[in-house]
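Below is a walk through one protein chain, from a pair of helices to a sheet and then to a single residue. Please keep the structure in view while reading.

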Amino acid sequence: MTVYLSAKDVHKSYRRKQVLKGVTLDLYNGEILALLGPNGSGKTTFIKILATLLIKDAGKVEIMGYDLDKNPNAIRHLFGYVGQDSERSAYARLSVRENLHFFGSLHGLDKKTINAQLDKLVHYFDFAESIDKRFEHLSGGQKQTMVIMRALLYNPPVVYLDEPTKGLDPLVAKKIRAYLKRYVKDEQKSLLLTSHILPEVDEMSDRVALIADGVIPIVSTATKLKESVSIRSFIEVPTNLVSPELKDEIMANSMILACREREAGWLSFGVNDLLDGTEMMIALMRKHQIQPTIRNYNVSLEDAFVHHVGALAQRFDT
Ligand SMILES: Nc1ncnc2c1ncn2[C@@H]1O[C@H](COP(=O)(O)OP(=O)(O)OP(=O)(O)O)[C@@H](O)[C@H]1O
Ligand SMILES: [Mg+2]
């Protein structure tokens, strides 16, 4: 594995507000890394610095061996970027085709190469009907798709996507995810993405970096993050079936690690061993002459995010 991107101790403040206080992150070829963090934690700021749209205050960034400060022009040909605001990422009055030709030529591609790339992308993304429409006449999702095509047009080795599937319908989002995965894996590219859609992050990413309070304290895999939440699963029972006596008896069992109302109308009991926990729960409900009604829920990346970001917030508050 080769490090395609290396960021060390990156700092950035807006006026008095310190947003990045020493962000360090490596991105390898052939990997998808998701940057997760609460709103306002600095994800977009960091990606804009990598994309040469913002100047950092301190730190060092290298992309494929080129230094961001010394070689910004060389670096601009090494990445594709999709910002959080796709509305302003293309010329409104030009058609999709004209826009893509324009951006392709900026990257030194000749007409023939651009046309070949366009054929491939337009076919994959089913964009033939919209290719000659003006950008301003596209729907929000179509604009976002076009901006993603623009980012991939010149086959960049590194791709930054800031909430790429925001506002896309599930089928288009799925197509884009599949395309990106293949792009990274087959061609050994690197992808850094941010997304608040955690099932998407879970499905796509090889590694996950958590950003909080201006630093990246945790880089791990989605699986390991989920495992590090001490509870694996929840057994859920309709709240109205659980009398105070039954609840006391359930909670007295050492298998039960937590109890909360994750969703209105359902009590969730956290366990590690779902099978034994379920057997115990059914036996207790039968004992209380209640027809057992239960459902299961496995800890998700969202639970892990809440768990870790909550724990980090507490650590920083103290
Ligand atoms: N141009 C700016 N001037 C002043 N403050 C800014 C500017 N851009 C961002 N900020 C502030 O910097 C912080 C980080 O913003 P950023 O957009 O990087 O967060 P984010 O992690 O991308 O959030 P989100 O998940 O909402 O997209 C926020 O507090 C924001 O208000
Ligand atoms: Mg953002």
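At roughly what angle do the axes of helix 3 and helix 5 cross? The axes of helix 3 (residues 96-106) and helix 5 (residues 140-152) cross at roughly 25° and come within 10 Å. Axes are lines fitted to C-alpha atoms, for helices over the stretch in contact, and angles run from 0 to 180 degrees between N-to-C directions. Helix 3 and helix 5 are therefore roughly parallel to each other (angles under 35 degrees count as roughly parallel, over 145 as roughly antiparallel, 65 to 115 as roughly perpendicular and the rest as oblique). On the helix 3 side the contact is made by V96, N99, L100 and F103, and on the helix 5 side by M146, M149 and R150; two residues are in contact if their C-beta atoms, placed from the backbone, lie within 7 Å.

The model is predicted: local features need pLDDT of at least 70, side-chain atom pairs count only at pLDDT 80 or more, and totals for chains, interfaces and linings use all residues. Residues are numbered from 1 along each chain as its sequence is written, while chains are lettered from A and ligands numbered from 1 in the order in which they are written. Helices (H or I, at least four residues) and strands (E, at least two) are DSSP runs, numbered from the N terminus. The chain has 11 helices and 14 strands.

Next comes the sheet. It is open and mixed in pairing, with 6 strands in the order 6-7-8-3-9-10; two strands pair if DSSP finds at least two bridges between them. Strand 6 (79-82) and strand 10 (215-220) are the edge strands, each pairing on one side only. From one strand to the next the twist averages 15°. Helix 5 packs on this sheet, where it touches strand 6 and strand 7 (158-162), and its direction makes about 170° with that of strand 6. Strand 3 (residues 32-36) and strand 8 (residues 190-194) pair in the parallel sense over 4 bridges, and L33 stands opposite L192 in strand 8.

Strand 9 (residues 207-212) contains R207. Is R207 buried or exposed? R207 is partly exposed, because 19 other C-beta atoms lie within 10 Å; a residue is buried with 20 or more such atoms, exposed with 12 or fewer, and partly exposed in between, C-beta atoms being placed from the backbone. Not counting residues up to four places away in sequence, R207 touches E31, L33, V219, S220 and T221. The C-alpha atoms of R207 and E31 are separated by 7.8 Å, although the two residues are 176 apart along the chain.
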